[in-house]
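User: Please take a close look at one part of this model, the pairing of its strands, and then relate that part to the rest of the chain. A careful, connected account would suit me best.

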Amino acid sequence: MSAVASAGWSVRPPFVPHGPTEPVTLLFDDAGLTQLAGAPPIAWQTPWSELAEVELVRAGGRVGLAATVGGVRYLWRRRGTDGFDELAALVGAHGAVVRRGRPRVALAVVAAAVLTASVAAGAVAWLVRHGPSELASARGANLTLADLPPGWYASSEGVLSYLVPPADKVYTSTTTTLPSASTSANRVFEAAASVFQRCLGVSARRDRVYGAAGQQPDYQVSSPVFESNLAGGGEVASVAQYYRTTTMVRRDTAEMSRAGFGRCFVDSQAALMLGEEGQSTQAPPGAVTWRPHTLLSSVFARGGYVRLDVPLLSVSLQLVVAVVTHGHYEVTLDALVPSFERARGLLENLVATIQSRVSTPTARAA
């Protein structure tokens with residue numbers, strides 16, 4: 001079988017401590033795998049006999065390759081699926097497991113209708129918006145790299161980017177959402193909405209999170225996805241929304257205050273992520289409500305966590321979601337961590353950071 005060369009990858013962890021992780025070019029042939037990493041490139045050659053548990057996954061417009069070498073699990077990722085079939089044929093011939101997911105659904109649906117609470121299909125757009133100061137304060141409510149311990153970095157390849165829109169993209173109340181989305185996007189959204197509504201016991205007509213009662217924010221903007229390889233790795237990101245009136249946020253918060261909201265919301269987000277990766281859109285079992293500590297009685301915070309398999313990472317992680325509301329603002333924290341309990345201290349601190357930002361005088365100004 002002929003050799004296959006594939007560029008544009010990143011690798012985690014590095015092959016040597018503090019070694020290059022990108023750009024990476026992978027060369028596959030019948031002898032094994034050669035990795036060219038860094039600039040100038042450093043080459044590592046590994047025969048097939050030393051590569052164990054090899055998995056190749058295509059999901060949502062990305063490709064992931066995982067393999068165990070010398071007892072260490074390595075993950076390579078790249079955007080785009082060009083050449084996937086040729087690569088799949090070669091690695092499959094050497095015993096790799098190959099999995100294919102559906103194409104990724106429309107990002108606008110994820111950004112404006114799913115990821116953050118209370119942006120619903122069919123919601124009426126607010127045509128009168130405030131000025132740049134509200135957008136700036138919404139940006140200021142989001143997490144930054146300075147909020148995280150050493151060892152975290154911004155990543156363009158994070159799995160949470162299936163849920164979190166690009167950091168440089170601003171969505172407004174006039175952004176087109178579900179009406180122009182594809183049929184597959186509608187199916188994934190409707191499945192996630194159904195998971196949430198059945199769990200919480202609310203009708204689609206009265207639901208403010210996914211249903212017809214939802215209202216669109218004036219502005220929605222995301223943080224970057226931040227990633228770390230420490231303590232088993234993890235990802236975190238946030239999405240901030242500014243609403244035209246505090247009444248809109250209070251009505252959303254009333255629904256979020258219902259018993260079971262945290263586990264129902266994280267289940268629906270898990271169903272969305274699984275649907276995006278071409279898997280079943282059924283909620284994974286075992287979701288748990290999380291009540292983060294609140295700094296002020298006027299600040300609301302509620303979340304949940306659930307374990308799910310992440311095909312692109314070839315691992316099982318816990319998806320954690322928390323929503324913080326106050327005044328004109330609703331901010332969602334998303335995280336993927338090996339263990340919620342081990343990461344709880346960090347996650348509580350991140351929620352507290354968001355709470356402090358939405359409760360400042362600038363955030364309260366209207």
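Analyst: Leu-75, in strand 7, is the bridge partner of Arg-12. The model is a predicted one, in which local features need pLDDT of at least 70 and side-chain atom pairs count only at pLDDT 80 or more, while totals for chains, interfaces and linings use all residues. Residues are numbered from 1 along each chain as its sequence is written, and side-chain values use heavy atoms, with hydrogens and water left out. Helices (H or I, at least four residues) and strands (E, at least two) are DSSP runs numbered from the N terminus, and two strands are said to pair if DSSP finds at least two bridges between them.

The bridge of Arg-12 and Leu-75 leads to the pairing of strand 1 with strand 7 (residues 72-79), which run antiparallel and are joined by 3 bridges. Strand 1 also pairs with strand 2 in the antiparallel sense, over 4 bridges, and there Val-24 in strand 2 is the bridge partner of Trp-9. These pairings belong to an open sheet of 8 strands with mixed pairing, in the order 4-3-2-1-7-6-5-8. At its edges lie strand 4 (42-47) and strand 8 (97-100), each of which pairs on one side only, and from one strand to the next the twist averages 25°.

Further along that order, strand 5 (residues 52-59) and strand 6 (residues 62-69) pair in the antiparallel sense over 6 bridges, with Val-57 standing opposite Gly-64 in strand 6. Strand 5 is joined to strand 8 by 4 bridges, but here the strands run parallel, and Glu-55 stands opposite Val-97 in strand 8. Strand 5 also holds Glu-53, which has a positive phi of about 50° although it is not a glycine. That is worth noting, because most residues other than glycine have a negative phi, and most peptide bonds are trans. Glu-53 counts as exposed, at 57% relative accessibility, where exposed means over 50% relative accessible area, buried under 20%, and partly exposed in between (1.4 Å probe, protein chains only).

Two loops of this part carry cis peptide bonds. Pro-23 is found in the loop between strand 1 and strand 2, and the bond from Glu-22 to Pro-23 is cis with omega near -5°. Pro-40 is found in the loop between strand 3 (32-37) and strand 4, where the bond from Ala-39 to Pro-40 is cis with omega near 0°.

Across the sheet lies helix 1 (residues 84-92), which meets strand 1 (4-12), strand 2 (24-28), strand 5, strand 6 and strand 8, contact meaning heavy atoms within 4.5 Å. Helix 1 runs at about 155° to strand 8; axes are lines fitted to C-alpha atoms, for helices over the stretch in contact, and angles run from 0 to 180 degrees between N-to-C directions.

Strand 5 also leads into the rest of the chain, through the largest nonpolar core. A nonpolar core is a set of buried Ala, Val, Leu, Ile, Met, Phe, Trp, Tyr and Cys residues joined through side-chain atoms within 4.5 Å. Of the 37 residues in the largest one, Leu-160, Phe-196, Tyr-210, Phe-261, Phe-265, Leu-319 and Leu-336 touch the most other members. Strand 5, helix 4, strand 13 (234-242), helix 6, strand 15 (300-310) and strand 16 (315-326) each supply at least two residues, and the largest share, 8 residues, comes from helix 6. A second, separate core of 31 residues includes Ala-141, Val-236, Leu-333 and Ala-335.

Helix 4 and helix 6 also take part in a covalent link. The structure holds 1 disulfide, a term for a pair of cysteine sulfur atoms within 2.5 Å, and that disulfide joins Cys-199 to Cys-264 with 2.0 Å from S to S. The pair links distant parts of the chain, 65 residues apart, with Cys-199 in helix 4 (residues 183-200) and Cys-264 in helix 6 (residues 261-276). The link of Cys-199 and Cys-264 is left-handed, with -70° about the S-S bond. Cys-199 counts as partly exposed at 27% relative accessibility, whereas Cys-264, with a relative accessible area of 0%, is buried.
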